[in-house]
Amino acid sequence: MASVDQLAPPSTSKNRSSLRRNVGLIGLLWASAGSIIGSGWLYGAKNAVVAAGPAALISWGIGAVAIVLLAFVHAELGGMFPVAGGTARYPHYAFGGLAGMSFGWFAWLQAATVAPIEVEAMIGYAGHWHFAKSFLNDNGTLTTSGFIVAVILMGVFVAVNFLGVSVLARTNSAATWLKIFVPLLAIFTLAATHFHSSNFTSHGFAPFGSKGVLAAISTSGIVFALLGFEQAIQLAGESRNPKRDIPRAVLGSVAIGTLIYVLLQVVFIGALPGSSFAKGWDKLDFVGISGPFAGLATLVGLGWLTVVLYFDAIVSPGGTGLIYTTSTSRISYGLSKNGYAPRVFERTDARGVPVYGLIMSFVTGVVCFLPFPSWQQLVGFITSASVLMYAGAPLAFGAMRRRLPNRERSYRLPLGGVLSPLAFIVASLIIYWSGWQTLEKLGEAIVLGYLLLGGYALYACKKGLPNAPRISWKSAQWLPVYLLGIGVISWQGTFGGGQGNLPMWTDIAVVAVFSLAIYHWAIRVALPTDAIEQNIEDIEVVDAGGH
C-alpha cells in the first residue's frame, strides 16, 4: 500500500507546506503493517510449503531477519532525509546521476509490476466461479480470455486513478482494516476447527533440504509479502518522535507481519487433509488449490469462511493494485522531475493526476502479463526488482556515515558499520535465490531501462535542458560490475535454471564475498561531501516545484 507521501498530488509551489510532526507511533506502525499485509497472504503459504515443505517456517524466519536488517538501515536514512520516495533517492544523494537513474528505474520497475501481481491474484481466486475457470490454464498461467480480463482490470485501475487521489484515499483505510481482519479470522477458525500436528512430520519436515528452504524465500513470495516496512520511514518528517518511534514502528510492523504470515503458514499446513500431499509436498493438490486458503476452507467444510475469503481475495488485491498504479505514475513524475524521463510525464490534469504516467503504468502492466503470466513468476520478478531497489540503501548508508558523519540523525543505527554491509549481503543473496531464469528477464528489463532513461538523460545533457542530470560516472563505477557480477554468479549457480557449476554453500560464500567487495568499493568512490550536499539541495528545490 502506498504511503501518504505517495498518495499526495505532485508538489507545486502553491500546495507545498512544511511538514507537521503530528504522527505518533500507532500511525507509523499502521502505515507499515497495512502495507506488509497484502495479497501475499493469499498464495504465500501454499507456494512456500510446495517449495520447502513444513520447513517453510524456517524460510519465513530467514526472510524476516533479512527484512529487519534492511529496515534498520532505512530507519537511519529515513530520519536524515524525510522525503517521499526516499528509497530511490538515497543512492542519488550519495552516488549521483547514474546511480540515481538506475535505482529510480528499479523503483519504478518494482512499483509498475505490483498491479499486475494483484490482477493475477484476483483472477487466480476468481477461478472458483464457473465463468472464470477458462481464465487459467492447468499450470496457473493465463489463457487468452484470462489475458483479456487482466488487461480490462488494469484498465479499471487506471480509470479509477483518473478520478483523483481523494477517491483512493477514502477507500484506503477500510481496505487496510479488511487486510488485517480476514487473515486473523482465517487463522483462528482453521486452528480451532481443523489442525493435524502430524502433517509437519509425516512426509519429513524439510523434504527438499536447505536448498528448498532458501529458494522459498525469494520464489514463493516470502520476501514480497514482508516488504512494505518503509512506509513508516516515508513519514519520518511528520513523526513526533522519530528517534524513538521509527525503529519501533519498522520493527513492530515486521514483527506483526511475520507473526501473521507464520501463523497462516502453520494453520495452512496443519489444516490440510493428508490426501492432499500424499504424493509429496511438491505435488500438493486439492480441489480449489488455485485459491489456496478459500479452497482449503471449502475442502474442510467451512463454507461461510470460503465466502469471506473469496470476497477479500477480490477487494484486497484490487485495492493494492489501485494504489500501486498511483505510485507508478508518481515515480514517473519524479523521474521526469530529476531529468531522467521526458517532461511530458510531469503533466497533470485538473485533479493533479499525472496523465502520461498512468498511461505508461497501464502499458507496462499489460506487458508484464506476457513473459510472466502466472502469479508466482511475477512474484519472483518483483522480489528481485524490489530487493535490487532496497540494496541501494545500505550502500548510501555507508557513504553517508563516511561523508556526512556529523549530519543530524533522528535515529542512529547501533553497530551500523557491521549491520549495513550485512544488509547489503543479505539483499544480494535474496536476489541470487530468485534464480537465473528470473534474473535473466530482470536483466533484460534493466537494459531496457538504461536505453530509455539513459538515452533521454544523455539527450537532456547534450541539449542543455534545464532539468538535465549530472551523470557522475566515477562515483557509480561499481554499479555495472555489481549488476553483471550477480548475473554471472546466478548463471553459474544452482538456483532457477543455473548451470550448477557453483555448488550449494559455495555459491552463497561467493555472493557474500563479492557483495562485501562491492560495498567497500562503492563507499570509497562515493561523491565528495560538497557534491552530496549539493544533490540534497537540488532535490529540495525540485520538490518545491523548481528546476
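User: How many salt bridges does the structure hold, and how is such a pair recognised?

Analyst: Side chains of opposite charge can pair when their charged atoms come close. The term salt bridge is applied when a side-chain nitrogen of Lys or Arg lies within 4 Å of a carboxyl oxygen of Asp or Glu. The structure holds three salt bridges. This is a predicted model, in which local features need pLDDT of at least 70 and side-chain atom pairs count only at pLDDT 80 or more, while totals for chains, interfaces and linings use all residues. Residues are numbered from 1 along each chain as its sequence is written, and side-chain values use heavy atoms, with hydrogens and water left out.

User: Which residues do salt bridges that share partners join into one network?

Analyst: The network joins E76, R401 and R409. E76 pairs with R401, their closest N and O atoms being 2.8 Å apart, and E76 also meets R409 in a salt bridge (2.8 Å, N to O). Helices here are DSSP runs (H or I, at least four residues), numbered from the N terminus. E76 is in helix 4 (residues 56–80) and R401 in helix 17, 325 residues apart. R409 is in the loop between helix 17 and helix 18, 333 residues from E76.

User: Are the members of this network buried or exposed?

Analyst: Relative accessible area is the guide: buried means under 20%, exposed over 50%, and partly exposed in between (1.4 Å probe, protein chains only). E76 is buried at 1%, R409 is buried at 11%, and R401 is partly exposed at 22%. In the salt bridge between K283 and D282, the closest N and O atoms are 3.7 Å apart; K283 is partly exposed at 48%, as is D282 at 41%.

User: How should a nonpolar core be read, and which residues have the most contacts inside the largest one?

Analyst: A nonpolar core is a set of buried Ala, Val, Leu, Ile, Met, Phe, Trp, Tyr and Cys residues joined through side-chain atoms within 4.5 Å. The largest has 159 residues, and those with the most contacts inside it are L77, F229, F293, W478 and Y482. Helix 6 (residues 97–126) gives the most to this core, with 15 residues. A second, separate core of 15 residues includes V119, I123, L136 and A150.

User: What does Y482 touch?

Analyst: A contact means heavy atoms within 4.5 Å. Leaving aside residues up to four places away in sequence, Y482 touches L388, A391, F424, S428, I431, F514 and I518.

User: What does S332 touch, and is S332 buried or exposed?

Analyst: S332 is found in helix 14 (residues 303–337). S332 is buried, with a relative accessible area of 5%. With residues up to four places away in sequence again not counted, S332 touches W108, F345 and G357.

User: How is a positive phi to be judged, and where do L415 and W505 lie?

Analyst: Most residues other than glycine have a negative phi. L415 has a positive phi near 55° and lies in the loop between helix 17 (392–403) and helix 18 (416–433). W505 has a positive phi near 80°, and its place is in the loop between helix 20 (478–492) and helix 21 (506–524). L415 is exposed at 64%, and W505 is exposed at 52%. A glycine, G221, follows helix 9 with a positive phi near 105°.

Conventions. Helix = DSSP H or I, 4+ residues; strand = E, 2+ residues; numbered from the N terminus.
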